[in-house]
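Thank you all for making time this morning. I would like to walk through some aromatic side chains with you, and I will take it slowly for anyone who has not looked at this one before.

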Amino acid sequence: MPKRRDIVAIVLIVLPWTLLITVWHQSTITPLLTARKDDRRDGHSNSRNTFAFKDSCSLQNRDIVEVVRTEYVYSRPPPWSDVLPTIHIITPTYSRPVQKAELTRLANTLLHVSNLHWILVEDSQRRTTLVSRLLQDTGLNYTHLNVETPRNYKVRGDTRDPRIPRGTIQRNLALRWLRETFSVNSSQPGIVYFADDDNTYSLELFEEMRSTKRVSVWPVAFVGGLRYESPKVNTLGKVYGWKTVFDPHRPFAIDMAGFAVNLRLILSKPQAYFKLRGVKGGYQESSLLKELVTLSDLEPKAANCTKVLVWHTRTEKPVLVNEGKKGFTDSNVEI
Amino acid sequence: MATRMKLKLKTVFVLYFMVSLLGLVYALMQLGQRCDCTDHDLPKDRIISRLRGELHRLQEQMRKSEATKQPQKQPAKPSPPTIFVITPTYARLVQKAELTRLAQTFLHVAQLHWIVVEDSPHKTPLVSELLAKSGLAYTHLHMPTAKDRKLQEGDPSWLKPRGVEQRNEGLRWLREDRRAQPGGDNQQGVVYFADDDNTYSLQIFEEMRSTQRVSVWPVGLVGGMKYERPVVEAGKVVRFHTGWRPSRPFPMDMAGFAVSLKLVLANPEACFDGEAPMGFLESSFLQGLVTMDELEPKADNCSKVLVWHTRTEKPKMKREEALQAQGLGSDPAVEV
């Protein structure tokens, strides 16, 4: 008899605790207890809308993106959304025969991206009419800046001297413009991405980078003499190294096109710029990133860095032999 | 003493039991209100619900604009003529990148039908998936080039004509497809040959839409010059401004002309001649279709450059090749 009573007692003691523990496993409860007090009203008003979303969240997202894309096929640029963070694209450019072509096809790509702000910085003494007109005709939301690279920094002719990174001064000017235009306290969320005018970008890339909280990274094709370079991501979803052959021990062995930074981070670290002098080949990106973030803070995108969404294409320099010394074609015609 | 201890134990037990029961009941109450648990996801869900609202708004706008257009459009205004773009493509490292940015351009053009012809014995999954995800109206074909006509590694690009079989296959499909659907409306259209590495502005497609027979315009960065163009006098093409072999019947690049669908269908024998000497590929096709004075000049009497013959560099793969020799090459499963 007492034995049974003991058993009953033990069961009665253990049962509620096991049930409690299984329930407590749902970690949603602890933050809920703190958040409930503030968002209670909002929670209730949205509960009808959000109730259905919990399960099919990802599906809805995909549906929405799909529908929006086909909707704006014939109306460009895509409508501005109040909800999405703005993507600020910083593109340095310089005059050469293929410039208009490159900017044209880059604009054709960017016209598909919602909430995009294109910051085009020319390497020139004055803003050229070619670029001004092109920007106006696209209908994009843009900012046109210019700064000339001093003669002793410029690349001589065609030789690619890696000690003189191209576009640095222009990118720094764009960063300064951002810091002068937006204040740290502004609530406007934004992402900053450095997009060179000859690369190729998939539309998926821009949606991946939109969720950047500090600095996000992903693979880039055709850099470092490889099919693609990518960050090494461990099973916990953290970056711990770089899958490259060219100097993998750089602090950030990544190409300019392989990362995006949250605007707030840029604004909160006003001293962070690309280093101008004494930068070894391939270290330009590190010179900025090491002021902003550490390796463990990086956010891997593109399915944990397994998909290639941006290609470091380079356009051949066109052979203009038949132009001769005086120029065969009418120089008034813009190309 | 024993009884008091016993009593104490009993109250302790009872108290403990009550407390744990209350805790459990509280937790179960939380469980019951599962919906509000999504509060911790609030920002995401808020965004989603707002996006949804915007989506509804945009759909309403579209429906409204269509509704207002409908009564005006009652007098049977035909849809703009479809532009059939024939693009030959072949597998190489930059293929996916080239097709991606080409698709991004085409997405802006209304009534465009993309005919992609692969130089391959069968359709590759890379191109199939790209086309399916592009959101464009497309036809996916394939036609391998005969081995002796194919460029080998290290051959300069001008050695053998490229894309001939593929363009002819595109024409063949178009002719067959239109024959199967008789009717005046289906003869409306424009055929344009767009290589996958060129750059196209959006204006060029609007310029070519009004083609009656064959229309022409300047092409940038081709023929060893900044641009090549037809010279127009009094609205007619009188000669061609080109630095290379101007004596050709039609000394222009593939990207510099478009043919009306009607003309293509009316001349079922017209196709590209792979045996033609270098630079005569375009002429071999156009000779049978039109004479020089019948050409329609576009792009502001051929004074504006709206398409560029850009070429993409072959990416340097020395390190990749070195790694592959060691068996440490990059994951081939990752599509580039």
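**Rings, charges and the fold of chain B**

Let me begin in chain A, where the charged end of Arg179(A) is placed over the ring of Tyr273(A), at 4.6 Å from the ring centre. I should say straight away that what we are looking at is a predicted model. In chain B there is a further example, with Arg92(B) lying over the face of Tyr90(B), 4.4 Å from the centre of the ring.

Now to chain B as a whole, which has 336 residues, of which 48% count as buried. Its secondary structure consists of ten helices and twelve strands. If we take the contacts in chain B with a separation of 6 or more, 74% of them are between residues 24 or more positions apart. The accessible surface of this chain comes to about 17400 Å², and carbon and sulfur atoms account for 57% of that area.

Let me turn to rings that meet other rings. How many aromatic pairs does the structure hold over all chains? The count is 20, and one of them is formed by Tyr192(B) and Phe205(B), which meet edge-to-face with 6.3 Å from centre to centre and 90° between the planes. Tyr192(B) belongs to strand E4, residues 189-193, while Phe205(B) belongs to helix H6, residues 202-208, so this pair ties together parts of chain B that are 13 residues apart in sequence. Are these two rings buried or exposed? Tyr192(B) is buried, with a relative accessible area of 0%, and Phe205(B) is likewise buried, also at 0%.

A second pair is made by Phe193(B) and Phe257(B), and here the arrangement is tilted, with 6.2 Å between the centres and 50° between the planes. This pair links distant parts of the chain, since Phe193(B) sits in strand E4 and Phe257(B) in strand E10, residues 257-260, which puts the two residues 64 positions apart. Phe193(B) is buried, with a relative accessible area of 0%, and for Phe257(B), which is buried too, the value is again 0%.

Finally, I would like to return to Tyr192(B) and Phe205(B), because both are members of one aromatic cluster, in which they are joined by Phe106(B), Trp114(B), Tyr200(B) and Trp217(B). If you have the model open, please find that cluster, and then we can discuss it together.

How values were computed: Residues are numbered from 1 along each chain as its sequence is written. Chains are lettered from A and ligands numbered from 1 in the order in which they are written. This is a predicted model: local features need pLDDT of at least 70, side-chain atom pairs count only at pLDDT 80 or more; totals for chains, interfaces and linings use all residues. Side-chain values use heavy atoms; hydrogens and water are left out. Helices (H or I, at least four residues) and strands (E, at least two) are DSSP runs, numbered from the N terminus. Buried means under 20% relative accessible area, exposed over 50%, partly exposed in between (1.4 Å probe, protein chains only). Contact means heavy atoms within 4.5 Å. Accessible areas come from the Shrake-Rupley method with a 1.4 Å probe; for residues, only the protein chains shown count as cover. Rings of Phe, Tyr and Trp (its six-membered ring) pair if their centres lie within 6.5 Å; planes under 30 degrees apart count as stacked, over 60 as edge-to-face and the rest as tilted. A charge sits over a ring if NZ of Lys or CZ of Arg is within 6 Å of the ring centre and within 35 degrees of the ring normal.
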